[in-house]
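Q: Please take me slowly through one enclosed space in this protein, and then show me how the chain is tied together around its cysteines. I am new to this, so keep the terms plain.

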Amino acid sequence: MGCCINFKNLTFTIMVVLLVLWFSDMETCNARKTGRHYRQSSRSVDASLSKNTGTKTHGSNHHHSNGGGKSKQKAPSPKSPPPAAAAPVETSPPTNIPPPDKSEENAPDPTVFDVLDFGARGDGITDDTRAFRAAWAAACKIEASIVNVPAEYVFLVGPISFSGPYCQYNIVFQLDGTIVAPTSPSHWGSGLLQWLEFTKLVGLTIKGSGTIDGNGAAWWQSSNDDNDPLDDESKLIVPLNDTTEQKPRIHEDSWFGSKLPSVKPTALRFYGSYNVTVTGITIQNSPQCHLKFDNCVGVSVYNFTVSSPGDSPNTDGIHLQNSKDVLIRSSDLACGDDCISIQTGCTNIYIHDVNCGPGHGISIGSLGKDNTKACVSNITVRDVFMQNTMNGVRIKTWQGGLGSVQGVRFSNIQVSEVQIPIVIDQYYCDKGKCRNQTSAVSLSGISYENIRGTYTLKPVHFACSDNMPCTDVTLANIQLDPQEEGYHMYDPFCWQTFGQLYTPTVPPVQCLQIGKPSRNKIQGDNDSC
């Protein structure tokens, strides 16, 4: 029995030994396989890296040092250049391209059209009208183009119209030279209403340091007094010695050999245009009105100069008619008629920081001539200096007119030696005699504030219609002192004028009737605006 047990133990021992030997052999085999697989994987990774970096792979040195059954490959020499595909390519600038042409840098701006390039001579003698017309025709096709009138040249230009409505927007007329009007009757035919005209344009700007000279003396000296009505208030100006200065008339043949037409042109006129700007330029010696805006919307005039003698007939500085949204500022106006004239159809007019004189002041009107209807509203005139003018701020209407003037403010007006600083005249007449009529343009909402200085004839003149009295006329801070230098002096005058005195005035305006008229004509459909 003990033998059997020993035999069983021996058998178990032998089986354990065999199992150990079998497992040992299996691990050795797996280890070999694993080593082989690792070496192959390493070579694959190295090959992949060598392809990505563009370098040749010669195996992993630390793997080769362990044997692996393969001979070592010779490493590349460090002086050998890398393959061309892997190196960044540096290119030298091409040698066959010519240097930039400097003439291109000095090429003319294709949007600038100089009148000299279109044949203008600029000598003040040769007629340059055709060159101006050609330059405008070219500029008209390009938006924001520039017509250039260069400095240091004098261009003789006849009557011309720079017309839209098919021109592009925002054209600039750059005026730095001088444009002069011809005095030969052959240029004017039977008479024209304007000399330089811009019509139906949008965004036009006239700017520069140049001058428009109308050669007005030739027209003034040859004028027919019947065609040149005088301002009505002029008949009140009577020097104490009852004499007036008589200036010698220049014979018309001495200027041009024959007579100029009786119709005198405006120097510069805008018609039917939007967003117009005039700045920097000077207009002088116009035959009649210097600058006119008719049927325009959105007008800006600033840093502008008008220069004509105080005795030049009917030479308004700026004339507005049927226009709205107008700004006039920072300008010097010297002429022989109204510095600024506001006619029918005007609304939203703002005037400030203007010097006026000589001239007839700043006027609304004349309105209602020949029984016509006139409508003016929302007018502001402030911060104005007037010296040696016939009137200061004035509203003038004809008997028999219709319509209304309302919403007018005159503020901060400084006057010096002005004949009549404050005027409302509803009996205006520029003829020898006018027929009495009952209808009138109605006036309401007229305010005068901070008007100070000296007068030479009368401080205030309010002459309103019997049938249509002036209403809501207000005065505040008025101080007007007589100059007392050889003229008849008159007290303030009021007729059918109703309103309010907000402060005492100097001199007292006791003729103003406080409140509203007891019986005031009600406006009909033909009267209202």
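A: Let's start inside, with the second largest cavity, which holds about 60 Å³ of space. A cavity is a set of points on a 1 Å grid over the protein atoms alone where a 1.4 Å probe fits but cannot get out, and lining residues have an atom within 4 Å of a point. Its volume is the space filled by probe spheres set on the points, which are joined across faces, edges and corners. The model is predicted, with local features needing pLDDT of at least 70 and side-chain atom pairs pLDDT 80 or more, while totals for chains, interfaces and linings use all residues. Residues are numbered from 1 along each chain as its sequence is written, and side-chain values use heavy atoms, without hydrogens and water.

Searching the whole structure turns up two cavities of 30 Å³ or more. Around the second largest one you will find Phe132, Val157, Phe162, Phe173, Leu175, Ile179, Leu196, Phe198, Ile206, Ile212 and Leu268. Strand 6 (172–175) and strand 8 (194–199) are the elements that give two or more residues to this lining. Strands (E, at least two residues) and helices (H or I, at least four) are DSSP runs numbered from the N terminus. The lining has 11 nonpolar residues, no polar and no charged ones. Here Ala, Val, Leu, Ile, Met, Phe, Trp, Tyr, Cys and Pro count as nonpolar, Asp, Glu, Lys and Arg as charged, and the others, Gly among them, as polar.

Now for the cysteines. The structure holds six disulfides, each a pair of cysteine sulfur atoms within 2.5 Å. Counting bonded cysteines along the chain, the pattern runs 1-2, 3-4, 5-12, 6-7, 8-9, 10-11.

One of the links joins Cys140 and Cys167, with 1.9 Å between the sulfur atoms. Cys140 sits in the loop between helix 4 (129–139) and strand 3 (146–149), and Cys167 in the loop between strand 5 (160–163) and strand 6, so this pair ties together parts 27 residues apart in sequence. The torsion about its S-S bond is about -110°, so the disulfide is left-handed. Both Cys140 and Cys167 are buried, meaning under 20% relative accessible area (exposed is over 50%, partly exposed in between; 1.4 Å probe, protein chains only).

Cys339 and Cys356 form another link, their sulfur atoms 2.0 Å apart. Cys339 lies in the loop between strand 18 (324–334) and strand 19 (340–342), while Cys356 belongs to strand 20 (residues 346–356), so the pair connects parts 17 residues apart in sequence. This link is right-handed, with 80° about the S-S bond. Cys339 is buried at 0% relative accessible area, and Cys356 is buried at 3%.

A third example joins Cys429 to Cys434, S to S 1.8 Å, and is right-handed, with 80° about the bond. Its two ends are worth contrasting: Cys429 is buried at 8% relative accessibility, whereas Cys434 is partly exposed at 24%.

Finally, look at Cys289. The closest cysteine sulfur, in Cys335, is 8.7 Å from the sulfur of Cys289, too far for a bond. Cys289 is buried, with a relative accessible area of 5%.

Terms used. On a 1 Å grid over the protein atoms alone, a cavity is a set of points where a 1.4 Å probe fits but cannot get out, and a pocket is an open set with protein on both sides within 12 Å along at least five of seven lines; lining residues have an atom within 4 Å of a point.
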